[in-house]
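Please open the model in your viewer, with a cartoon for the backbone and sticks ready for side chains, and follow the stops below in order.

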Amino acid sequence: MSYVDGFVAAVPTANKEKYIKHASDAAVVFKEHGVLQMVECWGDDVPEGEVTSFPMAVKCKPDETVVFAWLFWPSKEVRDQAMPRIMEDPRLHPDVNPMPFDGKRLIYGGFSVIIDE
């Protein structure tokens, strides 16, 4: 069964091009290790909520934009085997490919696909 890793982050709007490069470089590594598809989305209609919202969840500041992303894996097993190797890959080391956002406010998780139409 397919598996998805999902991410939400607040990225300084001024760092959009840096973020695109960061994500593009990471995509190469993830695809080498089995990711079928990597999607990165730059928020353009992400309203602030009264109780919950994407901006609230990542404590988005006025000069930041919400990014929503996901990795589509063939299975959880492939993901679980690949992730340690990906995290060890020198191309993703912070000195080589630094995160252009506050990683402490990154929300992420793994999800089993239950409908795929």
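Begin by selecting G34, which comes after helix 1 and has a positive phi, near 115°. Keep in mind throughout that this is a predicted model, and that the values given along the way are computed from it.

**Helix 1**

From G34, step back to the helix that G34 follows and select helix 1 as a whole. Its 17 residues reach 25 Å from the first C-alpha to the last, which is close to the 24 Å expected at 1.5 Å a residue. Now show the side chains of Y19, H22, A23, A26, A27, V29 and F30, which are buried in this helix. If you then display what surrounds these buried residues, you will find that they pack against strand 1, strand 2, strand 3 and helix 3.

**Helix 3**

The next selection is helix 3, residues 76-88, with 13 residues and a reach of 19 Å from first C-alpha to last, close to the 18 Å expected at 1.5 Å a residue. Where along helix 3 should you look for a bend? Centre the view on A82, where the helix bends by about 35°, and note that a proline, P84, follows within four residues. A82 is also one of the buried residues of helix 3, together with R79, M83 and I86. The elements that cover these buried residues include strand 1 (3-12), helix 1 (16-32), strand 3 (64-73) and strand 4 (107-112).

Stay in helix 3 and select E88, which is placed in this helix. Is E88 buried or exposed? With a relative accessibility of 61% for K59 and 67% for E88, both residues count as exposed, and K59 will be visited further on. A distance drawn from E88 to F72, C-alpha to C-alpha, comes to 20 Å in space, although the two residues are 16 apart in sequence.

**The loop before helix 3**

Move to S75, in the loop between strand 3 and helix 3. S75 has a relative accessibility of 12% and therefore counts as buried, since the cut-off for buried is under 20%. Which residues should you display around S75? Leaving aside neighbours within four places in sequence, S75 is in contact with M1, S2 and Y3. The C-alpha atoms of S75 and Y3 are separated by 5.0 Å, although these residues lie 72 apart along the chain.

**Strand 1**

Next select V4, which is found in strand 1 and, at 17% relative accessibility, counts as buried. Not counting residues up to four places away in sequence, V4 touches W70, L71, F72, G109, G110, F111 and V113. For a further distance, join the C-alpha atoms of V4 and Q37, which are 33 residues apart along the chain and separated by 9.6 Å.

**The largest pocket**

Turn on a surface or pocket display and look for the largest pocket, in which about 650 Å³ of space lies. Its lining is made up of 27 residues, and to find its centre you can select F7, F30, M87, M99 and L106, which lie nearest to that point. The elements that each give two or more residues to this lining are strand 1, helix 1, strand 2 (37-42), strand 3, helix 3 and strand 4. Which element gives the most to the lining? Helix 1 does, with five residues.

**K59**

Go on to K59, in the loop between helix 2 (54-57) and strand 3. Most residues other than glycine have a negative phi. In K59, however, phi is near 50°, a positive value in a residue other than glycine. At 61% relative accessibility, K59 counts as exposed.

**The cysteines**

Finish by selecting C41 and C60 and drawing a line between their sulfur atoms. Why is there no disulfide to be found here? The sulfur of C41 is 15 Å from the closest cysteine sulfur, which belongs to C60, and this is too far for a bond, since a disulfide requires a pair of cysteine sulfur atoms within 2.5 Å. Starting from C60 instead, the closest cysteine sulfur is that of C41, again at 15 Å and too far for a bond. The count of disulfides accordingly comes to zero. As for their surroundings, C41 counts as partly exposed at 28% relative accessibility, and C60 counts as partly exposed at 21%.

Note on methods
Residues are numbered from 1 along each chain as its sequence is written. This is a predicted model: local features need pLDDT of at least 70, side-chain atom pairs count only at pLDDT 80 or more; totals for chains, interfaces and linings use all residues. Side-chain values use heavy atoms; hydrogens and water are left out. Buried means under 20% relative accessible area, exposed over 50%, partly exposed in between (1.4 Å probe, protein chains only). The expected span of a helix is 1.5 Å times one less than its number of residues. The bend at a residue is the angle between axes fitted to the seven residues ending there and the seven starting there. Contact means heavy atoms within 4.5 Å. On a 1 Å grid over the protein atoms alone, a cavity is a set of points where a 1.4 Å probe fits but cannot get out, and a pocket is an open set with protein on both sides within 12 Å along at least five of seven lines; lining residues have an atom within 4 Å of a point. Grid points are joined across faces, edges and corners, and a volume is the space filled by probe spheres set on the points.
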